[in-house]
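Me: Could you take a close look at one part of this model for me, the loop residues with unusual backbone angles? Set the scene with the overall chain before you zoom in, please.

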Amino acid sequence: FKDATSDYNVPFKPSTNAQGDYGVDSLFGIDMETGTTEDGKTYYDYWTQYYMKSGKWEQSTEMMNAIPTSEYNEFLVSYEHSVFER
């Protein structure tokens, strides 16, 4: 993913922790966000990864650095929005 964003000059900032890069923090200048809606619910806007498996897109339960490209050669990165009750 890093190679593709670099090759196509796509602004990309990885999510990082003590073990290194593991996902997408910002892509195309769009950051992950969290906040509170007007009615007091918590919202999350986040990047998530999908891979193609048996002809269907499946959301990854693994972080990006743990998805083996030898097994999955098609990936989708999606910006999603979720709202939760407090």
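Reply: Going along the sequence, the pattern reads α-β-β-β-β-β-β-β, so one helix and seven strands, where helices (H or I, at least four residues) and strands (E, at least two) are DSSP runs numbered from the N terminus. Bear in mind that this is a predicted model: local features need pLDDT of at least 70, side-chain atom pairs count only at pLDDT 80 or more, and totals for chains, interfaces and linings use all residues. Residues are numbered from 1 along each chain as its sequence is written, and side-chain values use heavy atoms, with hydrogens and water left out.

Now the loops. N9 sits between helix 1 (2-7) and strand 1 (12-17), and its phi is positive, about 55°, although N9 is not a glycine. N9 is also exposed, at a relative accessible area of 69% (exposed means over 50%, buried under 20%, partly exposed in between, with a 1.4 Å probe and protein chains only).

F28 is the other one to look at here: a non-glycine residue with a positive phi, near 60°. You'll find F28 in the loop between strand 2 (20-27) and strand 3 (30-31). F28 counts as exposed too, with 55% relative accessibility.

As for the chain around them, 27% of its 86 residues count as buried. Its C-alpha atoms fill a box of roughly 45 × 30 × 25 Å along the principal axes. Take contacts (heavy atoms within 4.5 Å) between residues at least 6 apart in sequence: 41% of them join residues at least 24 apart.
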